[in-house]
Amino acid sequence: KQQHALYKHHIQPHIGSRKVRAIAPESIGEILNSLADKGYASATRLHVYVVLRKMFADAIELFQILGTNPVHKKMRPRLSQKEARYLNLEQLKTLLTFVREKPYGLAIWLSSYLGLRVGEVQALRWEDVDLQTGVVHIRRTYSKHDCMFREYPKGRKQHSHRVPGELLFFL
C-alpha cells in the first residue's frame with residue numbers, strides 16, 4: 001500500500017504517461033529533485049528512490065523491456081545521521097524510581113544496569129540469575145521477527161554480567 005501511494009503521488013505525475021524506454025536518468029533526477037524542492041524528508045525521497053529502482057529492475061529482469069536501469073545508485077538520497085539521545089544520570093535515576101513498582105519496572109532496571117537488549121530481558125529465567133554470586137547469564141533471546149525464543153543471544157554467544165548491588169537488592 002505504501003509503495004502504491006508513493007507511486008501515485010510522486011512518480012506517476014512525472015513519468016506515468018511515458019513509455020518505459022523513454023525514461024532516462026534525467027527524468028529520475030527530476031522526480032527526486034522535485035521532492036527535495038517541495039521539502040520532503042530525505043527518508044521519503046529514499047523510499048521513492050527504492051520504488052523507482054525496483055520498478056525498473058523488474059522491467060529489466062522480469063519483462064526484458066530495458067537493458068539498463070535509469071535509476072543509478074549514485075542518485076540514492078542520503079539520510080542525515082542523528083546522534084542518539086541518551087538519558088543523563090539524573091534522568092535515569094528519575095526513570096528507575098518511577099518504574100520501580102510498575103509491571104515492567106524490573107525489565108527497565110535490567111536493561112539500564114546491564115545493557116541488555118529487549119529480547120534478552122524477555123528470555124531471562126530465574127535460573128539465569130545467580131543471586132549468591134551476583135551474576136546474570138544471558139543464554140537466549142526472544143526474536144520478535146520470528147515470534148519465538150532462540151536458545152542463543154545475538155551473535156550466538158552466551159555471556160554473563162555482574163549485577164551491581166542496587167540491582168541485586170532489587171532482584
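The exercises below, each with a worked solution, deal with cores, helices and strands in a predicted model.

Residues are numbered from 1 along each chain as its sequence is written, and side-chain values use heavy atoms, without hydrogens and water. Since the model is predicted, local features need pLDDT of at least 70 and side-chain atom pairs count only at pLDDT 80 or more, while totals for chains, interfaces and linings use all residues.

**Exercise 1.** Find which elements give two or more residues to the largest nonpolar core.

Solution. Start with the term: a nonpolar core is a set of buried Ala, Val, Leu, Ile, Met, Phe, Trp, Tyr and Cys residues joined through side-chain atoms within 4.5 Å. Buried means under 20% relative accessible area, exposed over 50%, and partly exposed in between, with a 1.4 Å probe and protein chains only. The largest such core has 17 residues, and I11, I15, I28, V48, L52 and F56 have the most contacts inside it. The elements sought are helix 1 (2-15), helix 2 (25-37) and helix 3 (42-61); helices (H or I, at least four residues) and strands (E, at least two) are DSSP runs, numbered from the N terminus. Helix 3 gives the most, 7 residues. A second, separate core of 13 residues includes W109, L114, V129 and V136.

**Exercise 2.** Decide whether I11 is buried or exposed, and list what I11 touches.

Solution. I11 lies in helix 1. I11 counts as buried because its relative accessibility is 0%. Contact means heavy atoms within 4.5 Å. Not counting residues up to four places away in sequence, I11 touches L6, G16, I31, V48, V51, L52 and M55.

**Exercise 3.** Describe how helix 1 and helix 3 cross.

Solution. Two packed helices are described by the angle between their axes and the distance between the axes. Here the axes come within 10 Å and cross at roughly 80 degrees. Helix 1 is therefore roughly perpendicular to helix 3 (65 to 115 degrees; under 35 is roughly parallel, over 145 roughly antiparallel, the rest oblique). Residues of helix 1 that meet helix 3 include L6, H10 and I11.

**Exercise 4.** State which strands stand at the edges of the open sheet.

Solution. The sheet has 3 strands in the order 1-2-5, with antiparallel pairing; two strands pair if DSSP finds at least two bridges between them. Strand 1 (129-130) and strand 5 (159-162) each have a single partner strand, so they stand at the edges. Strand 1 is joined to strand 2 (residues 135-138) by 2 bridges, and V129 has V136 as its bridge partner in strand 2.

Note on methods: Axes fitted to C-alpha atoms, helices over the stretch in contact; angles between N-to-C directions.
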